[in-house]
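Visitor: Could you take me through one part of this model at close range? I would like to see how the sheet is put together and what packs around it.

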Amino acid sequence: MGLYDRYLSVRHRLREGEPPAHVAVVITERDLLEQGAYETLERFLGWAFEYGADRVTLSVSVLDEAVVPTLARELRSMDAPRAVAVREPGDTERADAPIQVSIGLGGKAEFAEAVRSLAAEVEAGRVDADGLDERDVEERLVFPDEPDLVLKTGAERLSDFMIWQSVYSELYFTDVNWRDFRERDYLRALLDFKDRQRRFGR
């Protein structure tokens, strides 16, 4: 850790406010094809848990689904500091691990599958349509937890990512590309998060 990184780390530890317990980062398949991308990811996971997160979600947007099996294999085998749950397009099993990875499983598709599941249960008479609320949807999502902080590198645009869960998340955009993302960039995001007054829709 360089001197400037140490300075930011001290500022983070002294700044009032809780760090984000659940951090999500949005990257693309092209980011992971860059040299050193997985090493950056492994370092990022270490920083996230070191600075107070207890859960990390990685969303990888994919244009070519043919690359999904390769990405899934690489992400399952990375040197991660905690257990990893990887989900791909078509998966419906809930992800329940400290590190959750979505590869090409967009928020629209996840939400649509939850609605289909509810509709089938209503039709079968197992669920009363008049009694449905947001908890019924959340129970059927693959990624049920709401991130406190959503971090996007390289562009000021989110892909099809956790539409339901990130409604009240704090969004942080940096023009630093994933391959160049450093500890100081993450610390800047944490300091920005602590400076915000969260309203949760109020």
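Guide: Strand 1 (22-28) runs parallel to strand 5 (149-153), and four bridges join these two strands. Helices (H or I, at least four residues) and strands (E, at least two) are DSSP runs here, numbered from the N terminus, and two strands pair if DSSP finds at least two bridges between them. Within this pair, Ala24 stands opposite Val150 of strand 5.

Before we go further, a word on the source: this is a predicted model, where local features need pLDDT of at least 70 and side-chain atom pairs count only at pLDDT 80 or more, while totals for chains, interfaces and linings use all residues. Residues are numbered from 1 along each chain as its sequence is written, and side-chain values use heavy atoms, with hydrogens and water left out.

Strand 1 also pairs with strand 2 (55-61), again in the parallel sense, over seven bridges. There, Ile27 has Val60 of strand 2 opposite. Six of the seven residues of strand 1 are buried, so this strand is largely enclosed by the rest of the structure. Buried means under 20% relative accessible area, exposed over 50%, and partly exposed in between (1.4 Å probe, protein chains only).

Now step back to the whole sheet. It is open and has six strands in the order 3-4-2-1-5-6, with parallel pairing. Its edges are strand 3 (84-87) and strand 6 (170-174), each of which pairs on one side only. From one strand to the next, the twist averages 15°. Toward one edge, strand 3 and strand 4 pair in the parallel sense over four bridges, and Arg87 has Ser102 in strand 4 as its bridge partner.

Two helices deserve a look next. Helix 3 packs on the sheet and touches strand 1, strand 2 and strand 4; its direction makes about 150° with that of strand 2. Helix 4 packs on the sheet too, touching strand 2, strand 3 and strand 4, and its direction makes about 170° with that of strand 4. For these statements, contact means heavy atoms within 4.5 Å, while axes are lines fitted to C-alpha atoms, for helices over the stretch in contact, with angles running from 0 to 180 degrees between N-to-C directions.

That brings us to the nonpolar cores. A nonpolar core is a set of buried Ala, Val, Leu, Ile, Met, Phe, Trp, Tyr and Cys residues joined through side-chain atoms within 4.5 Å. The largest one has 38 residues, and Phe44, Leu75, Ile103 and Tyr186 have the most contacts inside it. Strand 1, strand 2, strand 5, helix 3 and helix 4 are among the elements that each supply at least two of its residues. Helix 3 gives the largest share, eight residues. Leaving out residues up to four places away in sequence, Phe44 touches Val23, Val25, Val56, Trp178, Phe181 and Tyr186. Another core lies apart from this one; it has eleven residues, including Val26, Phe143, Val150 and Phe161.

One last stop is Ser169, in the loop between strand 5 and strand 6. Ser169 is buried, with a relative accessible area of 11%. A polar atom of its side chain lies 2.6 Å from the backbone oxygen of Pro147.

Note on methods
A polar contact is a pair of N or O atoms within 3.5 Å; within protein, one must be able to donate a hydrogen and the other to accept it, and residues adjacent in sequence count only if both atoms are side-chain atoms.
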